[in-house]
Amino acid sequence: MKKGLSILAVTSVLLTYTNAQVRLSGQAAAYGVKSDRSSAPRVVNKGKPTFGWRFDLFLDGRVTDNVVALANVRVFEDEEIYIDYLAIRITDIAGPALNFQIGKFDMPFGNLDERRFPVKNFLFGLPLIYEYRMSMPNQVITRADLLNNRGRGIGMRLIDLGIYDIGAMVFGDVGRLHYAAAVSNGTISATSNRQMNNNNDFNKIVRLAYTPMMGLTIGGAGAIGAYLVDSGTLLPRNKAIGDYLQKIGEVDIEFSRDRFLLNGEAVYSEWKVPLEDEDANLSVIGYYGEAKYTWFPRFY
């Protein structure tokens with residue numbers, strides 16, 4: 001906690017001494033929840049009823065008209081500080097069509113964006129495809145282990161918690177077309193927002209979205225990268241880590257009209273897996289839809 005506060009303090013001092021415009025904001029949420037007692041990965045607090053809380057702090061510092069420092073700090077009831085977002089953004093390099101960002105930020109995959117925060121997220125947690133852990137880890141595994149891990153919540157996620165990762169990105173708008181291209185540590189499933197890269201490859205992500213009319217945006221993204229951890233041990237059949245890739249693609253839609261909001265997303269992912277007797281291609285499809293109607297402010 002002290003380390004996190006120190007980082008915030010140093011950032012604030014640096015922004016102050018560069019005559020930056022600093023904006024500080026936040027939001028808090030509290031809840032009560034009771035899950036069934038079960039060993040399923042989605043069970044909260046092992047099924048015991050509990051109260052909890054969450055606080056998000058947003059710190060934006062504008063150094064110049066085109067250079068901005070962004071940070072998001074998250075605290076839960078365990079009072080541990082999590083720095084989700086910490087990036088430098090340079091805008092209007094060649095007008096709105098070219099911008100650059102580097103640091104730790106949400107990768108351009110999917111359309112979760114600001115709906116991850118309590119004030120806009122009407123689910124408890126995130127959509128299932130962002131949270132559920134599969135049976136496959138990012139390490140060499142046998143067929144027996146793969147089967148035994150089912151339903152235990154100890155493998156990789158299909159999409160890792162909204163993809164806050166460390167990397168660099170170019171992005172921009174060309175008329176109604178929005179694009180982004182990024183490289184990052186880890187892959188969409190095997191990344192961690194608290195670690196350096198775990199092998200010699202970088203994840204490559206490309207996203208395109210189109211807004212044909214006000215209130216409707218249709219998008220899609222694809223990513224590819226080596227997902228295994230480089231532990232220094234030999235892989236089966238003397239293969240290299242770069243031979244085992246995760247390939248993932250998604251399509252999404254956002255539609256709003258008056259008080260109605262609809263979001264949906266579908267994902268297809270495939271991994272090449274080094275099993276003990278042969279290489280196998282394992283795949284999965286995930287999807288979700290959300291609909292929200294607001295009757296009057298703060299009630300939906």
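Colleague: What share of the 300 residues in the protein chain is buried?

Modeller: Buried residues make up 41% of them, where buried means under 20% relative accessible area, exposed over 50% and partly exposed in between, with a 1.4 Å probe and protein chains only. This is a predicted model, in which local features need pLDDT of at least 70 and side-chain atom pairs pLDDT 80 or more, while totals for chains, interfaces and linings use all residues. Residues are numbered from 1 along each chain as its sequence is written, and side-chain values use heavy atoms, without hydrogens and water.

Colleague: Why is Trp295 called partly exposed?

Modeller: Its relative accessibility is 48%, and partly exposed covers values between 20% and 50%, so Trp295 counts as partly exposed.

Colleague: What makes the protein chain as compact as a globular protein of that length?

Modeller: The radius of gyration, taken over C-alpha atoms, is 21 Å, close to the 19 Å from the globule rule for 300 residues, so the chain counts as that compact. The rule is 2.2 Å times the number of residues to the power 0.38.

Colleague: Which residues touch the most other members of the largest nonpolar core?

Modeller: They are Phe109, Leu158, Ile159, Ile188, Tyr227 and Trp271, out of 44 residues. Such a core is a set of buried Ala, Val, Leu, Ile, Met, Phe, Trp, Tyr and Cys residues joined through side-chain atoms within 4.5 Å. A second, separate core has 5 residues, including Leu57 and Val73.

Colleague: What is Ile159 in contact with, leaving aside its neighbours within four places in sequence?

Modeller: With heavy atoms within 4.5 Å as the criterion, the partners of Ile159 include Phe109, Ile188 and Val267.
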